[in-house]
Amino acid sequence: ASFSQFVLEDYADRLDEKGRGYLLTIRKGAERMKRLIDDLLVLSKVTRIEVPFQLNRASEIIEEAVKPLKHSIDEKDIELTIPQDLPTIYCDKVRMIQVFENLLSNAIKFMDKENPKIEIGYQDKVDHDQFYIRDNGMGIEKQYHDKIFGMFERLHRREDYDGTGAGLHIVKKIIEMHRGKIWVESEKGIGSTFYFTLPKREEEK
């Protein structure tokens, strides 16, 4: 990608429109390949490395997940709601930040409303903690509710939305690594709510 960018910047005036188009296609293809390789490396780490879990404040995890998305949230003027009373959870902190960041990033990416809203929520269950990320975006048709968690599954054209389609699969693997579950409830044109659970330790039940 860097080489094609170099050629495009330094030799653009020597190329006709067709030549510049070819270079742009090469550059975009290289960038997609890099994202794909990065996602495969992340997936490999998630499925092969066992990291000791520790007690972490969910509020701190969410705060870290929101930081890199702040610009996008402000740019789309999204009303983000985060509850104050959040639990301490037993998890791999880095991976759990990745879960929240990925789910929030998807909610931002597929937001198409004039009054955009994203809500992070928590429900205290008997034997597990249950979190959700709810948005009023474009929503997902019911027949795709399970399919979206598959590897490299995409519901939209690459030209319309970037990404490899690996994000939700990685999230699912992380949640399963924590012995939890993840699912989505969604309606086309209304919005989506992604739920996931994390088992409580015996002393927390």
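1. In this predicted model, Gly 150 has a relative accessible area of 21% and is therefore partly exposed, since the buried class is reserved for values under 20%. Gly 150 belongs to the loop that runs between strand E5 (128-135) and helix H6 (167-177). Its C-alpha atom is separated by 5.5 Å from that of His 169, although the two residues are 19 residues apart along the chain.

2. The sheet deserves attention next. Five strands make up an open sheet with mixed pairing, and their order is E2-E4-E5-E7-E6. Strand E2 (79-81) and strand E6 (182-187) occupy the edges; each has a single partner strand, so one side of each is left without a neighbour in the sheet. On average, and with direction ignored, neighbouring strands of this sheet are turned by 15° against each other.

3. At the E2 edge, the pairing of E2 with strand E4 (residues 117-124) is parallel and comprises three bridges. Two bridge partners may be named here: Leu 80 is matched with Ile 118 in E4, and Thr 81 is matched with Glu 119 in E4.

4. On its other pairing, E4 meets E5 in the antiparallel sense, over seven bridges. The two strands form a hairpin, with three residues between them. Ile 118, which is the bridge partner of Leu 80, also stands opposite Asp 135 in E5. Gln 123 stands opposite Gln 130 in E5.

5. E5 is mostly covered, six of its eight residues being buried. Besides its seven bridges with E4, E5 is joined to E7 by eight bridges, and these two strands run antiparallel. Within this pairing, Ile 133 has Phe 194 in E7 as its bridge partner.

6. Two helices should be described in relation to the sheet. Helix H5 (residues 93-109) lies across E2, E4, E5 and strand E7 (191-199), and runs at about 170° to E7. H6 also packs on the sheet, where it touches E6 and E7; the direction of H6 makes about 25° with that of E7.

7. H5 also packs against helix H3 (residues 58-66), at an angle of about 55° and with the two axes 8 Å apart. The angle makes H3 oblique to H5, because it falls outside the ranges under 35, over 145 and 65 to 115 degrees. The crossing in which H3 passes H5 is right-handed.

8. Which residues make the contact between H3 and H5? From H3 come Glu 60, Ile 61, Ile 62, Glu 64, Ala 65 and Val 66, while H5 contributes Lys 93, Met 96, Ile 97, Phe 100, Glu 101 and Leu 104. By class, this contact has eight nonpolar and four charged residues, with no polar residues.

Notes: Residues are numbered from 1 along each chain as its sequence is written. This is a predicted model: local features need pLDDT of at least 70, side-chain atom pairs count only at pLDDT 80 or more; totals for chains, interfaces and linings use all residues. Side-chain values use heavy atoms; hydrogens and water are left out. Axes are lines fitted to C-alpha atoms, for helices over the stretch in contact, and angles run from 0 to 180 degrees between N-to-C directions. Helices (H or I, at least four residues) and strands (E, at least two) are DSSP runs, numbered from the N terminus. A crossing is left-handed if the near helix is turned anticlockwise from the far one by less than a right angle, and right-handed if clockwise. Contact means heavy atoms within 4.5 Å. Ala, Val, Leu, Ile, Met, Phe, Trp, Tyr, Cys and Pro count as nonpolar, Asp, Glu, Lys and Arg as charged, and the others, Gly among them, as polar. Buried means under 20% relative accessible area, exposed over 50%, partly exposed in between (1.4 Å probe, protein chains only). Two strands pair if DSSP finds at least two bridges between them.
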